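Please open the model in your viewer and keep the sequence panel beside it. The tour below proceeds by selection, and each stop states what is to be found there.

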Amino acid sequence: MSNTEMMRQRGSGLIEILVAAAITFGVVIVLTGFFLMTLRVGKDVDAQAALQRQGGAIADELGRQLRVVDGSPKVEDPANLPDTPATPSPESTTNDPVLVIPNAAGPVTCYYRDTSSPPQLRRCTRPTLDSDCAPAANLFSGSLAPLFAPAWTVTVVTPCGALDGTCQGTPTVCSIAGESCAVTPGANIVFTVSAGTNLSETFGVAIVASRH
């Protein structure tokens with residue numbers, strides 16, 4: 001075999017090796033990208049499930065509390081909020097309305113959004129209306145993914161408003177027969193739970209409390 005033929009064979013073998021290496025590298029890149037995408041999708045699915053589970057549990061808790069309330073729930077003005085506890089975070093503060101739910105035994109339960117970073121939804125108890133509210137339980141505690149609350153609103157409602165009626169006239173009369181505009185036995189709460197970009201869901205609770 002001549003030197004020319006040997007060099008030609010060596011060149012062909014080298015090209016085949018380079019082509020095979022390029023194909024292998026391309027396959028590795030594709031598989032790696034697919035693997036990372038699968039991990040990312042799986043993580044997003046887990047986060048979405050966590051926020052739905054946690055948000056639903058919080059809405060259920062608020063509903064249970066409001067159904068057995070002794071008296072009428074109150075919403076405290078953001079300009080005159082209760083003292084928020086120093087635990088579990090010294091930075092625990094809020095600029096949002098606070099839902100105050102009275103209790104037949106004396107203590108009242110408060111729900112509010114801790115507006116420090118990241119914002120959390122919290123529950124605390126006051127022995128009396130004038131007492132500090134403690135401890136501040138984090139309602140996102142135990143979640144399988146880090147969650148935060150970008151929004152929280154709460155307003156008291158009348159039986160008329162709870163049924164989407166309107167109060168008009170003098171004296172005020174509800175557009176739904178038999179429903180009252182005069183008393184405030186319930187609350188309307190809307191909050192958003194988020195697990196990050198494009199992963200958020202809004203929950204709502206509208207309850208007219210039982211009268212005792």
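Begin by selecting residues 108-114, which form strand 3, together with strand 4; the two run antiparallel and are joined by 7 bridges. The model on display is a predicted one.

**First stop: the hairpin and its sheet**

Strand 3 and strand 4 make a hairpin, with 5 residues between them. Within this pairing, select Arg113, which stands opposite Leu121 of strand 4. Strands of a sheet pair through backbone hydrogen bonds, in either a parallel or an antiparallel manner.

Now extend the selection to residues 120-126, the whole of strand 4, and add strand 5; these two pair in the antiparallel sense over 3 bridges. Arg122 can be picked out here, as it stands opposite Asn138 in strand 5. Is strand 4 covered or open? It is mostly covered, since 5 of its 7 residues are buried.

Next, display the sheet as a whole. It is an open sheet of 5 strands, in the order 1-2-3-4-5, and the pairing is antiparallel. Strand 1 (74-76) and strand 5 (134-138) stand at the edges; each has a single partner strand, so one side of each lacks a neighbour in the sheet. Averaged over the sheet and with direction ignored, neighbouring strands are turned by 25° against each other.

**Second stop: the whole chain**

Zoom out to view the full model. The chain contains 2 helices and 10 strands. Read from the N terminus, its elements follow the order α-β-β-β-β-β-β-α-β-β-β-β. Of the 212 residues in the chain, 33% are buried. The accessible surface amounts to about 12,500 Å², and 59% of this belongs to carbon and sulfur atoms. Among contacts with a separation of 6 or more, 53% are between residues 24 or more positions apart.

**Third stop: the nonpolar cores**

Select Leu62, Leu99, Leu121, Trp152, Ile189 and Phe191. These are the residues with the most contacts inside the largest nonpolar core, which has 26 residues. Which elements give two or more residues to this core? They are helix 1 (3-67), strand 2 (98-101), strand 6 (148-157), strand 9 (186-196) and strand 10 (199-208). Helix 1 gives the most, with 7 residues. Apart from this core lies another, of 8 residues; Val108, Cys110, Cys124 and Cys133 are among them.

**Fourth stop: Trp152 and the ring cluster**

Centre the view on Trp152 and show its surroundings. Setting aside residues up to four places away in sequence, Trp152 touches Asp96, Pro97, Leu99, Tyr111, Tyr112, Arg113, Leu121, Ile189, Val190 and Phe191. Arg113 and Leu121, already met as opposite residues in the hairpin, are thus both on the list for Trp152.

How many aromatic pairs does a search of the whole structure find? It finds 2. One is formed by Trp152 and Phe191; the pair is tilted, with 6.4 Å centre to centre and 35° between the planes. This pair links distant parts of the chain, with Trp152 in strand 6 and Phe191 in strand 9, 39 residues apart. Both Trp152 and Phe191 are buried.

Add Phe203 to the selection. The ring centres of Phe191 and Phe203 are 5.5 Å apart and their planes lie at 20°, so this pair is stacked. Phe191 belongs to strand 9 and Phe203 to strand 10, so the pair ties together parts that are 12 residues apart in sequence. Phe203 is buried, as is Phe191. Through these ring pairs, Trp152, Phe191 and Phe203 are linked into a cluster.

**Final stop: Gly55**

Keep Phe191 and Phe203 visible and select Gly55, which lies in helix 1. Which residues is Gly55 in contact with, leaving aside its neighbours within four places in sequence? They are Phe191, Val193 and Phe203. Gly55 has 0% relative accessibility and therefore counts as buried. To finish, draw a distance between the C-alpha atoms of Gly55 and Leu147: the two residues are 92 residues apart along the chain, and these atoms are separated by 9.8 Å.

Key. Residues numbered from 1 in each chain as written. Predicted model: local features only at pLDDT ≥ 70, side-chain atom pairs only at ≥ 80, totals over all residues. Heavy atoms only, no water. Helix = DSSP H or I, 4+ residues; strand = E, 2+ residues; numbered from the N terminus. Buried < 20%, exposed > 50% of the residue type's maximum accessible area, 1.4 Å probe, protein only. Contact = heavy atoms within 4.5 Å. Areas by Shrake-Rupley, 256 points an atom, 1.4 Å probe, with all protein chains shown as cover. Core = buried A, V, L, I, M, F, W, Y, C linked by side-chain atoms within 4.5 Å. Pairing = 2+ DSSP bridges. Axes fitted to C-alpha atoms, helices over the stretch in contact; angles between N-to-C directions. Phe/Tyr/Trp six-rings, centres within 6.5 Å; stacked < 30°, edge-to-face > 60°.
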